[in-house]
Each structure stands twice: as structure tokens, then as C-alpha cells.
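Hi,

Here is the structure I promised to pass on. Have a look at it first, and my notes follow below.

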4 protein chains.
Amino acid sequence: MVFARNGLERGKIADIANEAGIGKGTVYEYFSSKEDIFIALVEGFFTEMFHDMDALLAMGETPVEKITSLIEYSFKFLEEYLDSEEGESWPIIMEIFSQAIRADASTEMHQAIIRGVRAGVAVFEPILQDGVKASILKPFDIDYFALVVFAALDGLALHYYLQRERFDIKELMITTREIFLNGMLTATGRKELQS
Amino acid sequence: MVFARNGLERGKIADIANEAGIGKGTVYEYFSSKEDIFIALVEGFFTEMFHDMDALLAMGETPVEKITSLIEYSFKFLEEYLDSEEGESWPIIMEIFSQAIRADASTEMHQAIIRGVRAGVAVFEPILQDGVKASILKPFDIDYFALVVFAALDGLALHYYLQRERFDIKELMITTREIFLNGMLTATGRKELQS
Amino acid sequence: MVFARNGLERGKIADIANEAGIGKGTVYEYFSSKEDIFIALVEGFFTEMFHDMDALLAMGETPVEKITSLIEYSFKFLEEYLDSEEGESWPIIMEIFSQAIRADASTEMHQAIIRGVRAGVAVFEPILQDGVKASILKPFDIDYFALVVFAALDGLALHYYLQRERFDIKELMITTREIFLNGMLTATGRKELQS
Amino acid sequence: MVFARNGLERGKIADIANEAGIGKGTVYEYFSSKEDIFIALVEGFFTEMFHDMDALLAMGETPVEKITSLIEYSFKFLEEYLDSEEGESWPIIMEIFSQAIRADASTEMHQAIIRGVRAGVAVFEPILQDGVKASILKPFDIDYFALVVFAALDGLALHYYLQRERFDIKELMITTREIFLNGMLTATGRKELQS
DNA sequence: TATGAATGAGGCTTCATTCAT
DNA sequence: CATGAATGAAGCCTCATTCAT
């Protein structure tokens, strides 16, 4: 994957065409610009991600099981990408965030990414809501809770990628699951908001 | 900050010079290439970050206080950047990670970034070690523990930045602190490594 | 011819493109760098030169006739270039030597030039060999002999070019032919090597 | 010598200053521009050359002795340059010719070089004149004769330099001397001007 | 529909020259 | 006198995009 390997700016249309086995000009039959290709990529990425997540969640029963599933899925997702021939395409997620940050908030690109990120966070919300209802979780603000989990998993993916020679993904997953699950289950609510 | 606003590739030397109030050629009196400027930036960024962290840690007493301090510092760091005139320069951290991922591992740039990241993780390690000694924390692998916390904070910074209109940083900090602190204190060790 | 007029360093790609009636970028469809263009030029120059020489030599009979032909050809070559619209492109030969001297011996450019020069000298060698066999020439070292003649003709071309207002090319050719031919035919061999 | 090593265009003022052990700005106390430095160099080069030649000629007696001396001197000059630490500065002669060819005839640079070249040819003329008077040489046009000899020696210097690994300078000198001296002494005059 | 040759805007970098000290 | 930091003009090269085939 050209953009993953080189970033949006350094990824050349010529390489993309080549990798796709088509001519350079043909690319413009399907996309109107380089940025357009990237946006399609972003959407494809998030679509695939949520599709997998949904399938996964359908299998869990209790909120705790579901949360556990999501954390485990995050690592499996990462692991599979890195193992497969598509491995090189993994860093696309960082490229997406990088572009989101750089791009003007008004651009189509920024919009597409924000849309994806929100959808990601949204996956967690109903699960957490169930947890609160079942009194498993304290009545924290659901959306903050979801953001923390989703964001933390992203950060972990990044740092694991950068230091994958030094860390074992399985053990990292266990540590993460421990901290997060325990953290969520014992967090005592927002009584300290005054600080 | 030119690179923060546009990324390494789109950040023009001309703009950097302009922002510094010097001529385009003058830039090359101090740096030998565009990449060289970026590396200096990376090093400056990490240096500043750790300088602040060290000062902060000196003030805490117990491991719990210190961990709390670090979590709070992460948000303060972020908040201050975003509030100040330097606000626009905050996204540099994402740009750094983005480049780390793209750059060949052999490049000076990659090296510099990895060095910074490791130093960041290393800040947490002695604190966690103390926690284990004091039997406050279970005997998890210290380095995995540290990575999780450091990485999670990075992910949070990113996502908060992207959705800063929708979230309140103070409340986000509280939620984060709750989850992490509780999670760390109640995590029950690696008994599940078999899974 | 841009390089002939200005030299390699001052010859701008933009001018080359312009002269060729194509866009600046199009140049890079055919050559990968400025130096690459120059190398192609060098090779074209020598190729053309030797092609003409070969045709010429086929027409002579005796060694003396052939040597005479070569000397005359050198001047004709020069004369034609200077008269034609290509006239301005003649100095390319000096540019070639100039670059040969400057360029590091390991460069492709240097190699290409040395190859050409040796080929030039080599044209003379079989002719001189025949002359020696026929006892017309004394048994001087053929390669030294060839170098002297080839080199001298190059020097003459240069100096004639610089002072072409003051000298008549026809008469210069006659003087040259006289001196060289007589010199070669009467040179008495290397008995003086002791000096 | 910076210009010899790199050519006029690639020779940097900074290097010249450095080699001279002075500051970059100081160069402009003595010369008004880069071209100005080069012109001074040209003049110094020719001055030195003719100074040596004059000394040499004073020692010869007969025209033949003098011509022999000049030919031998040319090689000695070359040899000494190449052997000495100044060796690297030899190619300056080719750089001079190269610039002469490129420069517009109206420039000061061109003028200076042409002046030098003419002076070089002029050294030969009185000697040849003596030879004609003494009936040793046929009544060829003196200036053409002189040009041929001077130019040929230049060409030899160039080619020897380029292939100095393959040729022995002493033997090259002998071959040259043989051909030229015999050629000059036996050339039968311009009766063939009709061709 | 598919192509890839042609294009030129744009950016990094070099370096002769200036000038305040 | 000597200096070298500062400068910006200038040039090589890249590459997204176009368009004739």
C-alpha cells in the first residue's frame, strides 16, 4: 500500500497505478485527484474495521465480555495486519490521523476521518450504556469513557508498531486488558470533578 | 510552527525562514537540510517534555502521587500548548509519530524519534518499580505496564485534539485518571498468560 | 547547442528543453539527469566522428594516403561544423575534454570520454602498423605515434577555433599536413631514448 | 588549486578563501568578483610560462637547439606540475581554454586568454624566423608554423594528462620531438596550396 | 475505456556577494 | 583591513494532472 509506506505526500500516483496493475491515466477514471483516492482509502479502512467489530460484538453476551472482545479484537486486528502480506499497509492508520491533524477542518478529507473516528467511539457507547444499566459500571459520562478506551487502543497500536521488536503482542494485550477492564469496573464515578 | 501546521513534506523552507524572520538561505547556516531541521525539532520536543516531567516527579512522594502527576501533566502539557500562541504547534507530536512510521528504521530521523519514545516510557518505569516494591502494584512486567500508560496518553492526546470541540479537557482528564489509576492498582497480575 | 555555448554547468535544462521545443519536465522522460544528457552527447559525438572516419579510411589505399586523409578529415570536420548552423555546437569537443579533466575518474562521464578518446587513438593504430610493415615508417611505438597525431590535431582544432579570425583553415591544414607527414616519414626511431 | 580541481563554475569562493587561509569576505578586498580572480590566475599562468621559456631560450644557440628546448620544456613543465604538490593544479590550462571557448569574445576574460595564447605563439616566431634566414627551414608562413607547434603541444599535454597511466612521459616527449623536428626540417613549403 | 507522454508549477538547495562589526 | 553571517537569485528535479490517441 503506497500511502501506508510513504505517506500521502510521498506516495506517488505512478506507484499506485503500478501496484494496481493499471496505467497512470486510468487512475483518474476512478478518482478525481490524489486526495480523492486517500479519502476512499480512509472510508474503506473504517468500513472494514466496523464491519469486523459488529460481527464480533454479536457474539458476546454481557457487557464485560463485549468490552473484552473489543480490546482483544484491537490487538488481533493489528496482529493480523502485521503478519499478512498486507503488513506493510498497517501504518495507514497513523497516516490517517496525521492527515486529519494537518488538514483544514473544512476539507472533505478531515470530515471523512472525523466521521470514522466518531463511528469508532460510537461502537463502544451502547456497550457501556448496558454496563451502566446493569450497574456494572459507575455512571460516568459514557462518551468520555468510550473516547478513553478507543483512544488508548490507538496509542497502543502506534507504540507497539514502533517498538514491535521489543514487545510481545500477546503479553501486551493481556496487560492492556487487565488495566482497562479493572480500571473501568472499579472507577468510582466523577465525584472528583472539583479538583 | 510550519511543520506542525503542514507536516514535514508540506512545510516549506521558505515559510520556516519567513516565520523566523530570516532569509531562506540563512536557514542553511544552521541546518543542513529540511530533515535536519525536523530532527532538531524532535529532539527539542522530547527534551522539553522530559525536563518538565522530571521537575514534576520531584514533587510527588508516593508512587500513586507520581503516577497521578504524570497523567495530569500530560493533559496540562496538552492544554497549555493549545491555549498558548504556540497552540498551532501542538500537532507536531503526531507529525513526529507519523514520520517515525514512514521513515526507514535506519534513518537518523527514525533513530531520534525512537530514542525519544523510549525515554518517555523510561520515565514511568522507576515509578512503577517503586509501586511494585511497595506492594501497591502487582508484579506485572514493568516495561509493558509503562508502555500501556505512555501509549494510552498519546492516543488520548491525539483524539482529544481531533474532537476538542466536543470534549472538555478537564473532564477527560478525570475520566482517564480514574480508569488508569484504578486499573493499575487493581490489575491482578499475569496469571492469564495462558489464554 | 546549449552545452557547447555555455558549458555543462552553465547550460540550463530549461534552455535545452526550449531549444528542443519541449517542456522542461519532458527532458526527464529521456534522460535521468543533466549529467546523463551530457554523457549521451559525448557518445553521440564520438560515434559520429568515428563513423565518418571509417568511411574515409575505406577510400584510401596506402598508409600515406590514409594518414593524409585523416589529417584532412580533421580539418574538414572542423570546417563543416563551423560553417553550418551547427557551428555553435563545435566547442562541445573542448567542453568534453574540460569535463574529462574535472570529473573524478570513477564517474560514468569520465569513463565515457576516455572510451571515446581511446577509440580515436585506435583509429590511427592499424594504419601506422601498415606503414611500419611497409617500411614506410620507422618502428616507433605505434601507440605513442598515434597519440601524438591525434592529440596534436585536437590542439590545433582548439587553437584554430580561438583565433579563427586570424588564420585561414585551408592554409593551416596544409602546414599541418606538411609537418606531420614529413615528420612521421622521416622520424628515425627511438635510438635517442637515452637522452 | 580550486579552479583547476573543479573548474571555474564549481570552484567556490569559500574554498579559495579557505585554501588561502583568509576569510571569505577578504577575498573581495583583492578581487572584485569570481571572474576577476580567474583572470588574475590566467595572467599569472601565462606570465610564469613565458618567464620560464625566455630563460630557456637564452641558453640555446641555433634555431634547432631552441626548438628542441621548447618542446622539451613543454614536457618538463607538465611533468613538474604533475609531480609536485601543485600537481592538482595542472588542469588549469584546460580550464583556461575551456573558458576561452565559452566566454563571449568581448569579455575581459576572453581577451586575457587570447592575449596569453598569442604571446605563446609569439615565442616561437623569432626562432622560426631565424631558422628560415639560416635556410634551415623552408619559407613557410612563420605564424602558421608557430601555431601548429604550439597547438600540438597543448593537445599533447591534454591527452597525456587524460591517459597518464598508460603512457610514459619521457618516451612521449621523444616521439613528439622526433616527429616535430623532422617534420619542420623537411617540410617543403607551400607549393601544394592549390589543393 | 485505457493509456502514458508531455507538462510546468513548485520546492530544496547552492553560493557569489554584501555589509555591519 | 578582515571577517563571516545573512541573503536571495537561480537552477535542478519531482510529480500530479492533462489529453490525444
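In this predicted model, a phosphate oxygen of DNA strand E sits 2.5 Å from an N or O atom in the side chain of A:Thr26. B:Tyr28 has a similar story to tell: an N or O atom of the B:Tyr28 side chain is 2.6 Å from a phosphate oxygen of DNA strand E. With D:Lys24 the partner is a base oxygen of DNA strand E, which lies 3.1 Å from a polar side-chain atom of that lysine.

In total, 28 residues surround DNA strand E, and the closest include C:Gly23 and C:Tyr30. Of the atoms of DNA strand E that come within 4 Å of the protein, 67% belong to sugar and phosphate. The surface near the strand is made up of 8 nonpolar, 10 polar and 10 charged residues. α3(A) gives the most to this surface, with 5 residues.

Now to the protein side. The contact between chain A and chain B takes 61 residues from each of the two chains. About 5600 Å² is buried between them, and carbon and sulfur atoms give 67% of that area. In chain B, the residues that lose the most area to chain A are B:Ile101, B:Arg102 and B:Tyr144, together 13% of what that side buries.

Across this interface there are 6 salt bridges. One of them pairs A:Arg102 with B:Glu9, with the closest N and O atoms 3.8 Å apart. There are also 11 residue pairs in polar contact across the interface. On the side of chain B that touches chain A, α8(B) gives the most, with 15 residues.

Best wishes

How values were computed:
Residues numbered from 1 in each chain as written. Chains lettered and ligands numbered in written order. Predicted model: local features only at pLDDT ≥ 70, side-chain atom pairs only at ≥ 80, totals over all residues. Heavy atoms only, no water. Contact = heavy atoms within 4.5 Å. Buried area = accessible area lost by both parts, 1.4 Å probe. Salt bridge = Lys/Arg side-chain N within 4 Å of Asp/Glu carboxyl O. Polar contact = N/O pair within 3.5 Å; in protein donor to acceptor, adjacent residues only side chain to side chain. Helix = DSSP H or I, 4+ residues; strand = E, 2+ residues; numbered from the N terminus. Near = heavy atom within 4 Å. Nonpolar A, V, L, I, M, F, W, Y, C, P; charged D, E, K, R; others polar.
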